[in-house]
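The following exercises train the reading of a protein structure in steps. Please work through each task before turning to its solution.

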Amino acid sequence: MDYLIEIQQVTYQYPTGEKPVLQDVSFQIKKGEFCAIIGPNGSGKTTLCNAIRGFIPHFYKGELHGDVRINGKSIKDQTVGELSLQVGFVFQNPFSQISGVSETVFEEIRFGLENLGIDTVVAEKRVDEVMKLTKITHLQDRNPFELSGGQLQRVALASIIVMEPDILVIDEPTSQLDPEGTEEVFEIIRLMKEKQKTIILVEHKMELIAEYADHIILIDDGKVILNGNNEEILTNEKVLEHNTLLPQYAMLGLELRKHGVNLDRIPVTEKQAKE
Ligand code: ADP
């Protein structure tokens, strides 16, 4: 079996930390898989994302044991620039993502391509296509700083998608958005899933995870607690012991089963509950 991402016995301690924040973490992700990472605050999810994009060990020093391999090659043997072509990273706060030097949304999305020295005509065609895909063409002449949080997060996603990475690492993209902004951002994530991108998503909203994720990893205190497919994890009461929720339909199903109701399958989404 060939895996696109292999996390091999990773133990990592920040230079200022007192103990490792990742402890013997191992799992694999296949090409085209949508993997959600769940777990309580401070459990090491963002740190893990930073290891996958090579910021650990290249920017954050500290002690890294084990290895992360992308496409069979260790992150230790690739520069952050090389890795950024394969792994696109979307931040929790879209303001952290934007370059701050572009006067318009169009320029902002073109920025990364320009830095790579891609021909202007080719770059602008790619920007146009991605703006259409992410439904932000009407914003192209606006200043990024004038946009709403949801609009800005879509621009941030577009500026990553335009670089055409195989892997998207998305760290709580909607934690600062209202329901409308959340829906708009997930519409783009849904499209990326349809395009068979490999997606790693850190998210607390379990209803969204239930709808999208193929593969789920629960981490707590820097350790992998559970690693399995969507239904396996989202119907496992052990998740609740780690300060992490389950989808409301799964909770209801588990409760009904406890009261003797004979359910063949615990639903994890509204669609499954109606079936
Ligand atoms: P999560 O994303 O699950 O909330 P993080 O990966 O952000 O968890 O943090 C895991 C632990 O590492 C926390 O205890 C946090 O305080 C610590 N930590 C995060 N970033 C740094 C850093 N740059 N330096 C030292 N400790 C850090």
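The exercises below concern a predicted model and treat its sheets, its helices, the surroundings of its ligand and its backbone geometry.

**Exercise 1. The sheet of four strands**

Task: Determine the order of the strands in the open sheet of four strands, and state which strands stand at the edges.

Solution.
Step 1. Strands of a sheet pair through backbone hydrogen bonds, either parallel or antiparallel.
Step 2. Strand 1 (residues 5-13) is joined to strand 2 by five bridges, and the two run antiparallel. Within this pair, isoleucine 5 lies opposite isoleucine 29 of strand 2.
Step 3. Seven bridges link strand 1 with strand 4, again in the antiparallel sense. Here tyrosine 12 has leucine 64 of strand 4 as its bridge partner.
Step 4. Strand 4 pairs with strand 5 in the antiparallel sense over two bridges, and isoleucine 70 stands opposite lysine 73 of strand 5.
Step 5. The resulting order is 2-1-4-5, with antiparallel pairing. Strand 2 (22-29) and strand 5 (73-74) each have a single partner strand, so one side of each is left without a neighbour in the sheet.

**Exercise 2. The sheet of six strands**

Task: Describe the order and the pairing of the open sheet formed by six strands, and identify its edges.

Solution.
Step 1. The strands follow the order 6-7-8-3-9-10, and their pairing is mixed.
Step 2. The edge positions belong to strand 6 (87-90) and strand 10 (223-229); each has a single partner strand, so one side of each lacks a neighbour in the sheet.
Step 3. On average, and with direction ignored, neighbouring strands of this sheet are turned by 15° against each other.
Step 4. One of the pairs is that of strand 7 (residues 167-171) and strand 8 (residues 198-202), which run parallel and are joined by five bridges. Aspartate 171 has valine 202 of strand 8 as its bridge partner.
Step 5. Helix 8 (residues 179-194) packs on this sheet and touches strand 3, strand 7 and strand 8. The direction of helix 8 makes about 145° with that of strand 8.

**Exercise 3. A helix and its strands**

Task: Which strands does helix 1 lie across?

Solution.
Step 1. In the sheet of four strands, helix 1 (residues 45-52) lies across strand 1, strand 2 and strand 4 (63-70). Helix 1 runs at about 120° to strand 1.
Step 2. Helix 1 also lies across strand 3 (34-38), strand 6, strand 7, strand 8 and strand 9 (215-220). Relative to strand 8, the angle is about 150°.

**Exercise 4. Two helix contacts**

Task: Describe how helix 5 packs against helix 6 and against helix 7.

Solution.
Step 1. Two packed helices are described by the angle between their axes and the distance between the axes.
Step 2. The axes of helix 5 (residues 105-115) and helix 6 (residues 120-133) come within 9 Å and cross at roughly 130°. The two helices are therefore oblique to each other, and their crossing is right-handed.
Step 3. In this contact, Phe106, Ile109, Arg110, Leu113 and Glu114 of helix 5 meet Ala123, Glu124, Arg126, Val127, Val130 and Met131 of helix 6. By class, seven of the contact residues are nonpolar, none is polar and four are charged.
Step 4. For helix 5 and helix 7 (residues 149-161), the axes come within 8 Å and cross at roughly 35°. This crossing is also right-handed.
Step 5. Val105, Glu108, Ile109, Phe111 and Gly112 of helix 5 meet Val155, Ala158 and Ser159 of helix 7. The contact comprises five nonpolar residues, two polar residues and one charged residue.

**Exercise 5. The surroundings of the ligand**

Task: Which residues are around the ligand, and how do they divide by class?

Solution.
Step 1. The residues around the ligand are Tyr14, Thr16, Gly17, Val21, Gly39, Asn41, Gly42, Ser43, Gly44, Lys45, Thr46 and Thr47.
Step 2. Sorted by class, this shell contains two nonpolar, nine polar and one charged.

**Exercise 6. Backbone geometry**

Task: Where does the model contain a cis peptide bond, and where does lysine 135 lie?

Solution.
Step 1. Most residues other than glycine have a negative phi, and most peptide bonds are trans.
Step 2. A cis peptide bond joins isoleucine 56 and proline 57, with omega at about 15°. Proline 57 belongs to helix 2 (residues 55-58).
Step 3. Lysine 135 has a positive phi near 55° and is placed in the loop between helix 6 and helix 7.
Step 4. Asparagine 71 likewise takes a positive phi near 55°, in the hairpin of strand 4 and strand 5, which has two residues between the strands.

Conventions:
Residues are numbered from 1 along each chain as its sequence is written. This is a predicted model: local features need pLDDT of at least 70, side-chain atom pairs count only at pLDDT 80 or more; totals for chains, interfaces and linings use all residues. Two strands pair if DSSP finds at least two bridges between them. Two residues are in contact if their C-beta atoms, placed from the backbone, lie within 7 Å. Axes are lines fitted to C-alpha atoms, for helices over the stretch in contact, and angles run from 0 to 180 degrees between N-to-C directions. Angles under 35 degrees count as roughly parallel, over 145 as roughly antiparallel, 65 to 115 as roughly perpendicular and the rest as oblique. A crossing is left-handed if the near helix is turned anticlockwise from the far one by less than a right angle, and right-handed if clockwise. Ala, Val, Leu, Ile, Met, Phe, Trp, Tyr, Cys and Pro count as nonpolar, Asp, Glu, Lys and Arg as charged, and the others, Gly among them, as polar. A residue is near a molecule or strand if its C-beta atom, placed from the backbone, lies within 6 Å of it.
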